[in-house]
Amino acid sequence: MEVNHINMQGDNCEPDRPAHPGIFPTREAGKSDNQPPERSVDFPVSVVLPAGGTGERTGLQTPKQFCSFLGRPLISYTIQAFERVSWIQTIVVVVSKENVDLMTDIIQRFQHRKVRVVPGGSTRHRSIHNGVLALGEEEEEEEERSGANRPKVVIIHDAVRPFVEEDFLYKIAVAAKEQGAAGAIRPLVSTVIATTSEGYLDHSLERAKYRASEMPQGFTYDVVRQAYQRCSESDFEYGTECLHLALQYCGTNAKLIQGPPTLWKVTYKQDLAAAESIIKETLSRSACILTGGSAQAVALADVLQKAVGALDMELDIIPDLMGENTRYLLKEWNFIQVSVDRSCLSEVEALLTDLEAANRALLHPLVIIWVHLSASDELSISGRAAEPAAIMDLASAAKLRNVLLYGIQLHQSKDTERWERSVLKVAEIASALIREKSPALIGQLLQA
């Protein structure tokens with residue numbers, strides 16, 4: 001059966017409304033063995049994010065890509081989805097000229113990497129074309145410096161579709177390299193009809209034969225560049241479908257790939273509330289674990305990473321929040337501090353100080369879990385009783401800033417089976433605290 005695709009990126013309604021995206025794409029710093037294996041490609045891939053929309057359909061003065069969710073603009077979440085994909089080398093964000101400074105500030109504030117901002121045009125196609133041209137200029141400069149090649153594949157995606165997943169990006173990139181062009185499609189939910197100029201029904205389309213065209217779309221660099229070089233002024237002014245340009249002007253018939261329901265686009269005002277709800281749920285499925293560089297803490301973190309992976313959570317493991325790791329202060333909402341000596345509440349105090357210095361707008365509770373790993377010779381009653389009062393005082397002060405502090409006491413055991421049970425319990429407790437944010441357990445030192 002012949003299947004046609006219908007553009008749903010412009011003024012038409014989205015075929016799907018909000019669906020839960022699971023988790024944001026695979027994280028860079030540490031990956032659980034329980035997560036799907038990391039995808040990789042052996043050719044250069046870059047991204048163009050058109051973000052020049054005015055947000056007219058939301059009825060808000062602020063364009064939707066710049067609307068804030070938990071103190072961070074929507075477009076920042078979309079950029080992060082691509083930054084976390086290790087095989088994507090460059091992200092070009094195209095915004096209206098009056099928003100270039102705003103976008104540059106967002107990139108600096110949230111420490112985005114791989115990103116370049118360029119001014120857009122008066123229409124969607126003109127903006128995408130500007131992004132493709134800028135990408136070519138950037139790669140030419142890089143080639144002069146290092147001999148690097150221009151991107152083999154360019155992925156085009158909407159800035160207001162923040163829930164794109166790495167696995168699907170991989171499918172698009174590989175298909176684009178093989179076929180010249182590839183794009184996401186979704187089933188039509190409603191029947192599409194044509195009307196007469198007088199407002200009467202002309203005819204309807206057979207829904208089973210058609211699909212909604214979605215983002216992301218991928219192209220070889222040569223195809224997308226040539227398509228825009230050859231297209232007409234009318235295409236630039238009124239067109240919205242990139243795959244059509246590739247077919248009409250390059251003879252490239254795109255491979256169409258069924259996309260997940262998470263590809264929905266923030267279009268209307270009600271979508272903003274749905275997106276915020278999904279983001280909040282998604283944030284409870286990841287955490288950053290700090291080891292302080294201790295060999296014992298690193299070993300525990302590795303085991304915890306595997307354990308929480310089985311609980312549908314992801315952990316990034318880092319030694320501290322220095323250097324490039326300072327970006328976690330602005331992006332992460334859950335921290336697990338592993339400490340291996342009695343005086344190590346100072347590490348939690350330092351983390352709280354760093355978070356305060358980052359000056360984040362904590363519109364959603366931030367969770368810190370202190371995991372105290374103690375050796376068997378620390379199990380005296382006096383040793384156990386000293387820390388609970390201190391952590392309660394620290395938690396009370398932190399709560400005033402919307403930071404929820406919990407503690408977990410874990411005793412080192414030489415009994416392998418007992419140790420594994422204890423670590424699994426820590427993973428279960430931490431996962432529950434992050435998801436449920438129990439007020440009754442704030443400041444408590446729980447035993448694993």
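This report walks through a predicted model, from the chain as a whole down to a few individual residues.

**The chain overall**

The chain holds 13 helices and 18 strands. It has 448 residues, and 53% of them count as buried. If you take the contacts between residues at least 6 apart in sequence, 79% join residues at least 24 apart.

**The six-stranded sheet**

Let's begin with an open sheet of 6 strands, whose order is β14-β13-β15-β16-β17-β18 and whose pairing is parallel. The edge positions go to β14 (314-318) and β18 (445-447); each has a single partner strand, so one side of each has no neighbour in the sheet. Going from one strand to the next, the twist averages 25°.

Inside this sheet, β16 (residues 366-374) and β17 (residues 403-411) run parallel and are joined by 9 bridges. To pick out one pair, Ile 368 has Leu 405 of β17 as its bridge partner.

**Helices on the sheet**

Helix α9 (residues 295-309) packs on the sheet and touches β13 (286-290), β14, β15 (334-339), β16 and β17. The direction of α9 makes about 165° with that of β14.

Helix α11 (residues 345-357) lies across β13, β15, β16 and β17, and runs at about 160° to β16. Which residues of α11 are buried? They are Leu 345, Val 348, Leu 351, Leu 352 and Leu 355. Around the axis they cover an arc of only 110°, so they sit on the same side of α11.

What about the length of α11? The helix has 13 residues, which at 1.5 Å a residue should span 18 Å, and its end C-alpha atoms are indeed 18 Å apart, so the two values agree. Just after α11 comes Asn 359, with a positive phi of about 60°.

Helix α13 (residues 416-436) gets a similar check: it has 21 residues and reaches 30 Å from its first C-alpha to its last, close to the 30 Å expected at 1.5 Å a residue. Its buried residues include Trp 419, Val 423, Val 426, Ile 429, Leu 433 and Ile 434, with Ser 422 and Ser 431 also among them. And what covers these buried residues of α13? The cover includes strands β13, β15, β16, β17 and β18, along with helix α9.

Both ends of α13 have a detail to look at. At its start, a side-chain oxygen of Asp 415 comes to within 3.1 Å of the backbone nitrogen of Glu 417. Just after the helix, Lys 437 takes a positive phi of about 50°.

**Strand β2 and its partners**

Now for another strand, β2 (residues 45-50). Its 6 residues are buried, 6 of the 6, so the strand is largely enclosed by the rest of the structure. Val 45, Val 47 and Leu 49 point one way from β2, while Ser 46, Val 48 and Pro 50 point the other way, and all are buried.

As general background, strands of a sheet pair through backbone hydrogen bonds, either parallel or antiparallel. Here are two pairings of β2, each with one example of residues that stand opposite each other.

| Partner of β2 | Sense and bridges | Opposite residues |
|---|---|---|
| β5 (residues 88-95) | parallel, 6 bridges | Pro 50 and Val 94 |
| β7 (residues 153-156) | parallel, 4 bridges | Val 47 and Ile 155 |

Val 47 and Pro 50, the β2 residues in these examples, point opposite ways from the strand.

**Two charged residues**

Is Arg 124 buried or exposed? Arg 124 is in helix α3 (residues 124-146). Its relative accessibility is 19%, and since the buried class is anything under 20%, Arg 124 counts as buried. The side chain of Arg 124 makes a polar contact of 2.9 Å with the side chain of Asp 158.

Asp 312 is in the loop between α9 and β14. With a relative accessibility of 35%, Asp 312 counts as partly exposed. Setting aside neighbours within four places in sequence, Asp 312 is in contact with Arg 285 and Arg 435. Asp 312 and Ser 286 are 26 residues apart along the chain, and 8.8 Å separates their C-alpha atoms.

How values were computed
Residues are numbered from 1 along each chain as its sequence is written. This is a predicted model: local features need pLDDT of at least 70, side-chain atom pairs count only at pLDDT 80 or more; totals for chains, interfaces and linings use all residues. Side-chain values use heavy atoms; hydrogens and water are left out. Two strands pair if DSSP finds at least two bridges between them. Helices (H or I, at least four residues) and strands (E, at least two) are DSSP runs, numbered from the N terminus. Axes are lines fitted to C-alpha atoms, for helices over the stretch in contact, and angles run from 0 to 180 degrees between N-to-C directions. Contact means heavy atoms within 4.5 Å. The expected span of a helix is 1.5 Å times one less than its number of residues. Buried means under 20% relative accessible area, exposed over 50%, partly exposed in between (1.4 Å probe, protein chains only). The arc is that of the directions from the helix axis to the C-beta atoms. A polar contact is a pair of N or O atoms within 3.5 Å; within protein, one must be able to donate a hydrogen and the other to accept it, and residues adjacent in sequence count only if both atoms are side-chain atoms.
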